[in-house]
Amino acid sequence: MSVGEPADAFATRAGAEPRNYLQGCVLLLLRERPAHGYELLERLKAFGLADGDSGNLYRRLRALEEQGMVRSEWETSEAGPRRRMYHLTASGDARLRSWADSLAETRRLLDYYLGRHALIADSPARAAAASGPRT
């Protein structure tokens with residue numbers, strides 16, 4: 001948060017996902033097993049991505065396919081219409097591993113920050129500073 005920025009402006013960003021979070025989650029889910037879009041949408045709920053925006057998911061899947069990280073094929077079903085089944089490619093697997101490494105480094109830095117914060121969060125000096133200047 002920059003100087004002069006309202007405190008609640010930071011709070012609105014506090015719950016934001018990491019950059020490319022949807023992409024990483026989709027790649028992870030496809031690494032676990034191939035899936036069609038609706039199934040992916042349901043499985044994304046566990047990652048906090050339950051807004052129901054299927055258009056966003058399908059746009060991401062098309063982009064991943066154009067980048068060679070995902071491939072798809074039409075699957076026929078006796079119980080309903082044909083569905084597009086998505087599979088992770090070797091390129092997608094490499095991107096997934098790279099993204100997981102980046103997240104691990106980010107977690108290490110966040111753990112360091114939170115550890116330092118915890119040391120001062122409830123200290124007497126902090127409480128005194130928060131209560132204002134003594135007269």
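**Helix H5 and the nonpolar core**

User: Which residues of H5 are buried?
Analyst: This is a predicted model, and burial in it is judged by relative accessible area, with under 20% counting as buried. By that cut-off the buried residues of H5 are Gly 92, Asp 93, Leu 96, Trp 99 and Ala 121.

User: How far does H5 reach from its first C-alpha to its last?
Analyst: H5 has 32 residues, and at 1.5 Å a residue a span of 46 Å is expected. The span in the model is close to that expected value, for H5 reaches 45 Å.

User: How are H2 and H5 oriented to each other?
Analyst: The axes of H2 and H5 lie 10 Å apart, and the two helices pack at an angle of about 120°. The contact is made by residues including Leu 27 and Leu 28 of H2 together with Leu 96 and Trp 99 of H5. Angles over 145 degrees count as roughly antiparallel and those from 65 to 115 as roughly perpendicular, and H2 and H5 are therefore oblique.

User: Which helix supplies the largest share of the largest nonpolar core?
Analyst: The largest nonpolar core has 21 residues, and Val 26, Leu 27 and Leu 30 are among those with the most contacts inside it. Helices H2, H3, H4 and H5 and strand E3 each supply at least two residues of this core. The largest share, seven residues, comes from H2.

User: Which residues is Leu 61 in contact with, leaving aside its neighbours within four places in sequence?
Analyst: Leu 61 is one of the residues with the most contacts inside the largest nonpolar core. Once its neighbours within four places in sequence are left aside, Leu 61 is in contact with Val 26, Leu 30, Gly 37, Leu 40 and Tyr 86.

Notes. Residues numbered from 1 in each chain as written. Predicted model: local features only at pLDDT ≥ 70, side-chain atom pairs only at ≥ 80, totals over all residues. Heavy atoms only, no water. Core = buried A, V, L, I, M, F, W, Y, C linked by side-chain atoms within 4.5 Å. Buried < 20%, exposed > 50% of the residue type's maximum accessible area, 1.4 Å probe, protein only. Helix = DSSP H or I, 4+ residues; strand = E, 2+ residues; numbered from the N terminus. Contact = heavy atoms within 4.5 Å. Expected span 1.5 Å × (residues − 1). Axes fitted to C-alpha atoms, helices over the stretch in contact; angles between N-to-C directions. Parallel < 35°, antiparallel > 145°, perpendicular 65-115°, else oblique.
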